[in-house]
Amino acid sequence: MRHHYTPSQSVLLLSDIHLTSDEDSLFKRLQDSLNANDHLPSAIYILGDLFDFWAGNRCQDRYLQVLNFLHTTSKKCPVFFMPGNRDFLVSSSLLQKYNIQKIPDPTLLQYGQKTILLTHGDRLCAQDKDYLLLRAFLQNPLSKFLIHSLPYDWCLNASKRLRQKSSTITKAKKREHMQACTHTTIRWLNYYRADAIIYGHVHHLEQKQIMSTPPKYAYILDSWENQYNYCVIHKHNIELIIAPST
């Protein structure tokens with residue numbers, strides 16, 4: 001399904017906030033950033049990894065204030081959530097409870113005459129084959145069903161151990177393995193006939209031209225652990241914004 005917007009509307013996109021709990025200082029930054037906009041956007045898209053980890057629906061107790069804030073926000077404009085590699089276990093039923101609309105990865109936006117492809121970004125990292133194999137295993141429906149069937153405490157501890165191990169492995173990987181593959185990005189843009197792609201996951205803020213004929217662009221969001229940032233689509237333009245620190 002394609003989401004349609006006119007050039008008179010604005011769309012706000014966020015990714016990789018990595019909230020650890022309601023007590024995380026980044027949650028206050030999220031509230032400030034969404035409330036600081038002079039004009040309420042027509043829609044808000046969260047492109048994965050809103051939560052630093054998600055080990056089943058009992059995690060909602062850990063993030064109750066976050067979910068209630070998004071619920072309140074959703075009464076003013078639609079809030080869409082695309083699962084990331086850290087929070088792919090967030091269920092559709094729980095999101096519906098808070099009036100948050102789950103969307104697939106990838107999703108297309110039609111903004112006037114411009115077609116924009118949204119993805120979390122991890123599937124673009126084609127050179128990180130070990131990660132993609134692990135992703136395929138963890139995120140297939142059977143694995144997710146089995147994980148949801150396990151005791152919450154076991155899943156929580158396993159999730160924390162996996163994050164620690166992943167952090168250690170990531171430091172040892174070659175930098176190019178941690179970046180989106182240009183060839184894969186171009187293939188996605190051509191396949192979906194998109195003019196631009198917006199994603200996170202790789203943890204650096206960048207706007208770059210991917211193809212010259214016809215011109216196609218990538219807009220890459222950074223982790224909020226590095227800097228407070230988001231993307232805005234408005235008035236025919238796509239802009240990466242660095243929110244001022246306080």
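**Asking a predicted model for its reasons**

Me: Which residues does Lys208 touch, leaving aside those up to four places away in sequence?
Reply: Lys208 touches Lys216, Tyr217, Ala218 and Ile220, not counting residues up to four places away in sequence. Keep in mind that this is a predicted model.

Me: What makes these count as touching?
Reply: The cut-off is heavy atoms within 4.5 Å. Lys208 meets it with Lys216, Tyr217, Ala218 and Ile220.

Me: Where in the fold is Lys208?
Reply: Lys208 is in strand S9. Strand S9 covers 206-212. As for Leu40, 168 residues apart from Lys208 along the chain, the two C-alpha atoms are separated by 27 Å.

Me: Why is Lys208 called partly exposed?
Reply: Buried means under 20% relative accessible area, and exposed means over 50%. Lys208 has 27%. That value lies in between, so Lys208 counts as partly exposed.

Me: How do you know that S9 and S10 pair?
Reply: Pairing needs at least two bridges. S9 and strand S10 (residues 215-220) have six bridges, in the antiparallel sense. So they pass. One of the bridges joins Met211 to Lys216 in S10.

Me: What makes S9 an edge strand?
Reply: S9 belongs to an open sheet of six strands, in the order S1-S6-S7-S8-S10-S9, with mixed pairing. S1 and S9 each have a single partner strand, so one side of each has no neighbour in the sheet. From one strand to the next, the twist averages 20 degrees.

Me: Which helix lies across S9 and S10?
Reply: Helix H7 (residues 182-191) does. H7 also lies across strand S7 (114-118) and strand S8 (196-199), and runs at about 70 degrees to S9.

Me: Which strands stand at the edges of the sheet ordered S5-S4-S3-S2-S11-S12?
Reply: That sheet is open, has six strands and shows mixed pairing. Its edge strands are strand S5 (101-102) and strand S12 (237-242), and each pairs on one side only.

Me: How do you know that S3 pairs with S2 and with S4?
Reply: Count the bridges against the cut-off of at least two. S2 and S3 have four, in the parallel sense. S3 and S4 have three, also in the parallel sense. Both pairs pass, so both count as paired. Among the bridge partners are Val11 and Ala43, and Leu13 and Tyr45. Tyr45 also stands opposite Phe80 in S4.

Me: What do S3, H2 and S4 make together?
Reply: They make a right-handed β-α-β unit.

Me: What makes both faces of S3 covered?
Reply: Ala43 and Tyr45 are buried on one side. Ile44 and Ile46 are buried on the other. In a regular strand the side chains alternate between the two faces of the sheet.

Me: Why is Tyr45 called buried?
Reply: Tyr45 has 0% relative accessibility. The cut-off is under 20%. So Tyr45 counts as buried. Tyr5 also counts as buried, because its value is 10%.

Me: Why is the pair of Tyr5 and Tyr45 called edge-to-face?
Reply: Two rings pair if their centres lie within 6.5 Å, and planes over 60 degrees apart count as edge-to-face. For Tyr5 and Tyr45, the centres are 6.4 Å apart and the planes are at 80 degrees, so the pair is edge-to-face. Tyr5 is in strand S1 (residues 2-5) and Tyr45 in strand S3, 40 residues apart, so this pair links distant parts of the chain. Tyr5, Tyr45 and Phe80 form one aromatic cluster.

Me: What makes the pair of Trp224 and Tyr228 edge-to-face?
Reply: Their ring centres are 5.8 Å apart and their planes are at 65 degrees, so both cut-offs are met. Trp224 is buried, at 1%, whereas Tyr228 counts as partly exposed, at 22%. The structure holds nine aromatic pairs.

Me: Which residues have the most contacts inside the largest nonpolar core?
Reply: They are Leu14, Leu19, Leu30, Leu50 and Trp54, in a core of 40 residues. Elements that each supply at least two residues of this core include strand S2 (10-14), helix H1 (25-36) and helix H6 (152-172). A second, separate core has 20 residues, including Tyr5, Leu13, Ile116 and Leu221.

Me: What does Leu14 touch, not counting residues up to four places away in sequence?
Reply: Its contacts include Leu30, Leu34, Ile44, Trp224 and Tyr230.

How values were computed
Residues numbered from 1 in each chain as written. Heavy atoms only, no water. Core = buried A, V, L, I, M, F, W, Y, C linked by side-chain atoms within 4.5 Å. Buried < 20%, exposed > 50% of the residue type's maximum accessible area, 1.4 Å probe, protein only. Phe/Tyr/Trp six-rings, centres within 6.5 Å; stacked < 30°, edge-to-face > 60°. Right-handed = clockwise from strand over helix to strand, strands pointing away. Axes fitted to C-alpha atoms, helices over the stretch in contact; angles between N-to-C directions.
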